[in-house]
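Student: I would like a close look at a single part of this protein, set in the context of the fold around it. Could you walk me through one strand and its surroundings?

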Amino acid sequence: MIVKILVDNTAKDGFEAVHGFSAVIEADEKILFDVGPNSLFIENAGKMGVDLDEINTLVLSHGHWDHGDGLQFVSGKRLITHPDSFSLRFRKESKTTVGLKMTRKEIAEQFELKESKLPVWISEKMVYLGEIPRLNDFESQSTTFLLEDGSPDFVADDSALAIKSEKGLIVISGCAHAGICNTVAYAKEVCGEDKVYAVLGGFHLKKLDEVFQKTAGFFQEEKLEILGATHCTSFLVQDEFKKYFKTINLEAGVEVEL
């Protein structure tokens, strides 16, 4: 399986960075996972030799601008996402918007839209997880976002991908608002697999706090072999993970074979 990072908060030489995330995932199907906040994913795809016209399926991990506003620059593909991805949502402190620029109506006109809270198998090996149950007692306990009616927005639409491989499950998260441990646990349940080989993507961990310690402990119990934390994971946390796990550096322009 190959992962090509098109958009990330950091970039290797020759590539541009922006706050956001986008990747091409190649297994028994090639898909586009998130599209970042603008058209940068197209420019970086060209530099990496990725022909986006060859990709028929796009998965949106959740309805935040830094993962989905690039939708305005692509069309004609099947788009899989949670129905709540189109919610109007705001930052609690500044009341500024964090949702998608495009409306559901506009997106439905531009894509073959598949909305699902349930898992959707994209291929024999690859599944979009749908709405992730939040079962542990340390993740997704608070939020900095609000919905249009002023109620707390815990980003129920947050989802991820799981890919079956001979080495074990590979889980790829966009931002892990549901909690990366909750995400991995649900991936195991959906896929009927016990072995987790690699976990990649945004983990939404900022501090070396109790949540980080419990996350590291969870990964150790899972005997995780490869960890690639990026995007909404602080450099402090990324560096700390290196003390416990075999890590890979993910940034725009990086290609990883697993």
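Tutor: Here is a walk from the whole chain to one strand, its sheet, and then a second group of strands for company.

Please keep in mind that this is a predicted model. The protein has 6 helices and 15 strands. A compact globule of 258 residues would have a radius of gyration near 18 Å, and the 17 Å of this protein agrees with that. Along the principal axes, the C-alpha trace spans about 45 × 45 × 35 Å. Of the 258 residues, 55% count as buried. Among the contacts with a separation of 6 or more, 69% come from residues 24 or more positions apart. About 11100 Å² of the protein is exposed, and carbon and sulfur atoms supply 47% of that area. As for charge, there are 28 positive and 42 negative side chains, yet the centres of the two sets lie 2 Å apart.

Now to the part I would pick, strand β12, which covers residues 169-173. This strand is mostly covered, with 5 of its 5 residues buried. In a regular strand, side chains alternate between the two faces of the sheet. With that in mind, look at the two sides of β12: Leu-169, Val-171 and Ser-173 lie on one, Ile-170 and Ile-172 on the other, and all of them are buried. Both faces of this strand are therefore covered, since a residue counts as buried when its relative accessible area is under 20%.

Next come the neighbours of β12. Strands of a sheet pair through backbone hydrogen bonds, either parallel or antiparallel. Strand β12 has a partner of each kind: strand β11 (residues 160-163) pairs with β12 in the antiparallel sense over 4 bridges, while strand β13 (residues 196-202) runs parallel to β12 and is joined to it by 5 bridges. On the β11 side, Ile-163 has Ile-170 of β12 as its bridge partner. The hairpin of β11 and β12 has 5 residues between the strands, and Gly-168 there takes a positive phi near 130°. On the β13 side, Val-171 has Val-199 as its bridge partner, and Ile-170 stands opposite Ala-198. Ile-170 is thus a handy residue to display, as it is the bridge partner of Ile-163 and also faces Ala-198 in β13.

Zooming out, these strands belong to an open sheet of 6 strands with mixed pairing, in the order β8-β9-β11-β12-β13-β14. The edges are β8 (120-121) and β14 (226-230); each has a single partner strand, so one side of each is left without a neighbour in the sheet.

One residue of the edge strand β14 deserves a stop, namely Leu-227. Although β14 stands at an edge of the sheet, Leu-227 counts as buried because its relative accessibility is 2%. What does Leu-227 touch, beyond residues up to four places away in sequence? Its contacts are Val-199, Phe-203, Phe-219, Phe-241, Phe-245, Lys-246, Thr-247 and Ile-248. Val-199 in that list is the bridge partner of Val-171, which leads us back to β12. Lys-246 in turn is 19 residues from Leu-227 in sequence, with 6.3 Å between their C-alpha atoms.

For company, consider the strands at the start of the chain. Strand β2 is also mostly covered, with 5 of its 5 residues buried. Ser-22, Val-24 and Glu-26 point one way from β2, and Ala-23 and Ile-25 point the other way; all are buried. Strand β1 runs antiparallel to β2 and is joined to it by 5 bridges, whereas β2 and strand β3 (residues 30-33) pair in the antiparallel sense over 4 bridges. A hairpin through 3 residues joins β2 to β3. Ile-25 is the bridge partner of Val-3, and its bridge partner in β3 is Ile-31.

Finally, Thr-10 is found in the loop between β1 (2-7) and β2 (22-26). Thr-10 is partly exposed, with a relative accessible area of 22%. Leaving out residues up to four places away in sequence, Thr-10 touches Ala-17, Phe-235, Leu-250, Glu-251 and Ala-252. By contrast, Lys-195 is 185 residues away along the chain, and its C-alpha atom is separated from that of Thr-10 by 30 Å.

Key: Residues are numbered from 1 along each chain as its sequence is written. This is a predicted model: local features need pLDDT of at least 70, side-chain atom pairs count only at pLDDT 80 or more; totals for chains, interfaces and linings use all residues. Side-chain values use heavy atoms; hydrogens and water are left out. The radius of gyration is taken over C-alpha atoms; the globule rule is 2.2 Å times the number of residues to the power 0.38. Buried means under 20% relative accessible area, exposed over 50%, partly exposed in between (1.4 Å probe, protein chains only). Contact means heavy atoms within 4.5 Å. Accessible areas come from the Shrake-Rupley method with a 1.4 Å probe; for residues, only the protein chains shown count as cover. Lys and Arg count as positive and Asp and Glu as negative; His and the chain ends are not counted. The place of a charge is taken as NZ of Lys, CZ of Arg, CG of Asp or CD of Glu. Two strands pair if DSSP finds at least two bridges between them.
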